[in-house]
There are 2 protein chains.
Amino acid sequence: MFQRVALIGIGLIGSSISHAMRRRGLAREIVGYARTPATRATAVRLGLISQAFESAADAAAGADLIILCSPVGVYGAIAQEIAPRLARGAIVTDVGSVKGAVVRDVGPHIPDGVHFVPGHPIAGTEYSGPESGFATLFDNRWCILTPPDGTDAAATGRLRALWEAMGSNVEIMTPEHHDMVLAITSHVPHLIAFNIVNTAAHLGRVTDSEVIKFSAGGFRDFTRIASSDPTMWRDVFLNNREAVIEMLGRFAEDLSHLQRAIRYGDGDTLFRLFTEAREVRKGVIQAGQDTAAPDFGRGGGMTPASKA
Amino acid sequence: MFQRVALIGIGLIGSSISHAMRRRGLAREIVGYARTPATRATAVRLGLISQAFESAADAAAGADLIILCSPVGVYGAIAQEIAPRLARGAIVTDVGSVKGAVVRDVGPHIPDGVHFVPGHPIAGTEYSGPESGFATLFDNRWCILTPPDGTDAAATGRLRALWEAMGSNVEIMTPEHHDMVLAITSHVPHLIAFNIVNTAAHLGRVTDSEVIKFSAGGFRDFTRIASSDPTMWRDVFLNNREAVIEMLGRFAEDLSHLQRAIRYGDGDTLFRLFTEAREVRKGVIQAGQDTAAPDFGRGGGMTPASKA
């Protein structure tokens, strides 16, 4: 499908893309750049890339597909660096969790004759690094593409075909709408998970040891979400400020409503709101975006080799 | 260990207790009461109880261990009803998620010569009903006992031995401390999960279909928690009002702090707080209260027979 794919950044998503591409033979060659020598060495050792470069520009040179897989905060600098080396006709894409800021930061650097098609696979785990990837991460998950106005339709089509070949369903929307949708389905959930874990850690009257021992009552699921990569998430929040703050406002308003029902003993309101929330779960299961296993996710699953 | 155990209420926890007791032969006979004829019939059909009674008092009569497994909101009425039929020397316990209110509602009805030892196994899934239980639910989980002052030490000891035989570790604390610990490790996490699911469901600018399709970004884990039994959770919040409202206040304060860091672009604060949250996760894994499977819980696991 592609002759030479350059991965710029090789963490959970970059390594999973390599696994998923090699599973189906979608690239003749996969090369890459990573910031640290350790990651470059690991990526070569695991066969994720056939060649590691010490600069993003060297990795991107001669590639017909360049995928930015680093934290979105460094996209602008990378785009500026690789721009002069991009081959005519190449496609530049990314996997960042925000899209408006990516169009803003990367778009201006892309030279004429190179196609820029931002993307975001809605898939992940709480693990980071080149050893955490696996080939099935994108299976039956959605990938959102947000081509700016005037993007070459053939380039968008090739990227759609690539994601479908890696197991995903593809949807196309504007960057602005993407950022609004993800604010509520991903960014705010992560923020409140980070937040409650820290609230719990700083209670004087309940010890850390107690919080951990009795975490099976619900808290442990938040700790899992809150163990995601801090750098990636810092950049997400800095780059989707407006949508996140709007959604947080709604969340806080609704939480005050629940808190007031608790304070005044309004059991009917609590029951009604809890019942409505339960219904949404059925939709998630029916859409194949989760399984019905009743164990709060304590079962088996795909363990990366390094942690098996 | 016990001659005749009476389960008052046979949902997820009641049915799991039956499985766990029968796994190790801890009771000569298990009988029970459930509010609906359908649950009674299912419990007998599945062998969870050898005999179903239409009244809690009839079920409790002659039992040497009575376990209240219904929503805590009806404990007071049940205690009043069963009190005259309790055998001298019997132990009454419960599995409710709040303990101060249980001591308040049940304690006064317990006759002299009967031992009242409130308890709370910190274990569960998002499923409800007699078909959702399984024998391993309590394995390596904690069970908290909150015997009021003056409780017979031998009775507390027998209950401790029972929970240990069902696979749990046991800790003893005051009802007030229990309610504070559980407010942060279980009650508030559930409340904010219910809340964000409802916030998402009522957005005009993001459709329900989009929320569900793109839920793999984090939201789906909240929908799982938010699909827990609405009646049980209504009663929890109505009966642990003060601790929940205190913890919600702290949570909201901390969330405002994060929101402010986002608004003013303070990446250092975000990075620091996210890194701290990640550390808590390590403690949960090390304490054996979760597994390190990197699939956000999408793996296999213990599926109840009825849903296999």
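In chain A, strand 7 and strand 8 (residues 142-145) are joined by 3 bridges and run antiparallel. Gly119(A) has Leu145(A) of strand 8 as its bridge partner. The model described here is predicted. Strands 7 and 8 belong to an open sheet of 3 strands in chain A, with the order 7-8-9 and mixed pairing. Strand 7 (119-121) and strand 9 (169-172) stand at the edges of this sheet. Each has a single partner strand, so one side of each is left without a neighbour in the sheet. From one strand to the next, the twist averages 20°. Helix 6 (residues 153-165) of chain A lies across strands 7, 8 and 9. Its direction makes an angle of about 165° with strand 8 of chain A.

Chain A also holds an open sheet of 6 strands. The strand order is 3-2-1-4-5-6, and the pairing is parallel. Strand 3 (51-53) and strand 6 (115-116) are the edge strands of chain A here, and each pairs on one side only. Within this sheet, strand 1 (residues 2-8) and strand 4 (residues 65-68) of chain A run parallel and are joined by 4 bridges. Leu7(A) stands opposite Ile67(A), a residue of strand 4 of chain A. Strands of a sheet pair through backbone hydrogen bonds, either parallel or antiparallel. Helix 1 (residues 12-24) of chain A lies across strand 1, strand 2 (27-33) and strand 4 of chain A. Helix 1 runs at about 160° to strand 1 of chain A.

The model has a second chain, and the two copies were compared by superposition. A turn of 180° and a shift of 0.0 Å along the axis lay chain A on chain B. The RMSD of this fit is 0.0 Å. That is the relation of a two-fold axis. The same surface serves both copies, since 100% of the contact residues of chain A recur in chain B.

The contact between the chains takes 100 residues from chain A and 100 residues from chain B. On the side of chain A that touches chain B, the elements giving two or more residues are helix 7 (175-201), helix 8 (208-213), helix 9 (219-225), helix 10, helix 11 and helix 12 (267-286). Helix 7 of chain A gives the largest share of this side, 19 residues. By class, the side of chain A that touches chain B has 53 nonpolar, 26 polar and 21 charged residues.

Three helix pairs across the contact are described in turn. Two packed helices are described by the angle between their axes and the distance between the axes. The first pair brings together helix 11 (residues 241-263) of chain A and helix 11 (residues 241-263) of chain B. Their axes come within 11 Å and cross at roughly 165°. The two helices are therefore roughly antiparallel to each other. Helix 11 of chain A passes helix 11 of chain B in a left-handed crossing. Among the residues of helix 11 of chain A that meet helix 11 of chain B are Val244(A), Ile245(A), Leu248(A) and Ala252(A). The helix 11 residues met in chain B include Val244(B), Ile245(B), Leu248(B) and Ala252(B). The residues of this contact divide into 10 nonpolar, 2 polar and 4 charged.

Helix 11 of chain B also packs with helix 7 of chain A. Their axes come within 9 Å and cross at roughly 125°. Helix 7 of chain A and helix 11 of chain B are therefore oblique to each other. The crossing is right-handed. From helix 7 of chain A, the contact residues are Leu191(A), Ile192(A), Asn195(A), Ile196(A), Asn198(A) and Thr199(A). They meet Arg250(B), Phe251(B), Asp254(B), Leu255(B) and Leu258(B) in helix 11 of chain B. This contact comprises 6 nonpolar, 3 polar and 2 charged residues.

The last pair is helix 10 (residues 230-239) of chain A with helix 12 (residues 267-286) of chain B. Their axes come within 9 Å and cross at roughly 140°. That makes helix 10 of chain A oblique to helix 12 of chain B. The crossing of these two helices is right-handed. Helix 10 of chain A contributes residues including Trp233(A), Phe237(A) and Leu238(A). Helix 12 of chain B meets them with residues including Leu270(B), Phe271(B) and Phe274(B). By class, the contact of helix 10 of chain A with helix 12 of chain B holds 7 nonpolar, 3 polar and 2 charged residues.

How values were computed
Residues numbered from 1 in each chain as written. Chains lettered and ligands numbered in written order. Predicted model: local features only at pLDDT ≥ 70, side-chain atom pairs only at ≥ 80, totals over all residues. Pairing = 2+ DSSP bridges. Contact = placed C-beta atoms within 7 Å. Axes fitted to C-alpha atoms, helices over the stretch in contact; angles between N-to-C directions. Parallel < 35°, antiparallel > 145°, perpendicular 65-115°, else oblique. Left-handed = near helix turned anticlockwise from the far one by under 90°. Nonpolar A, V, L, I, M, F, W, Y, C, P; charged D, E, K, R; others polar. Least-squares fit on C-alpha atoms with pLDDT ≥ 70 in both.
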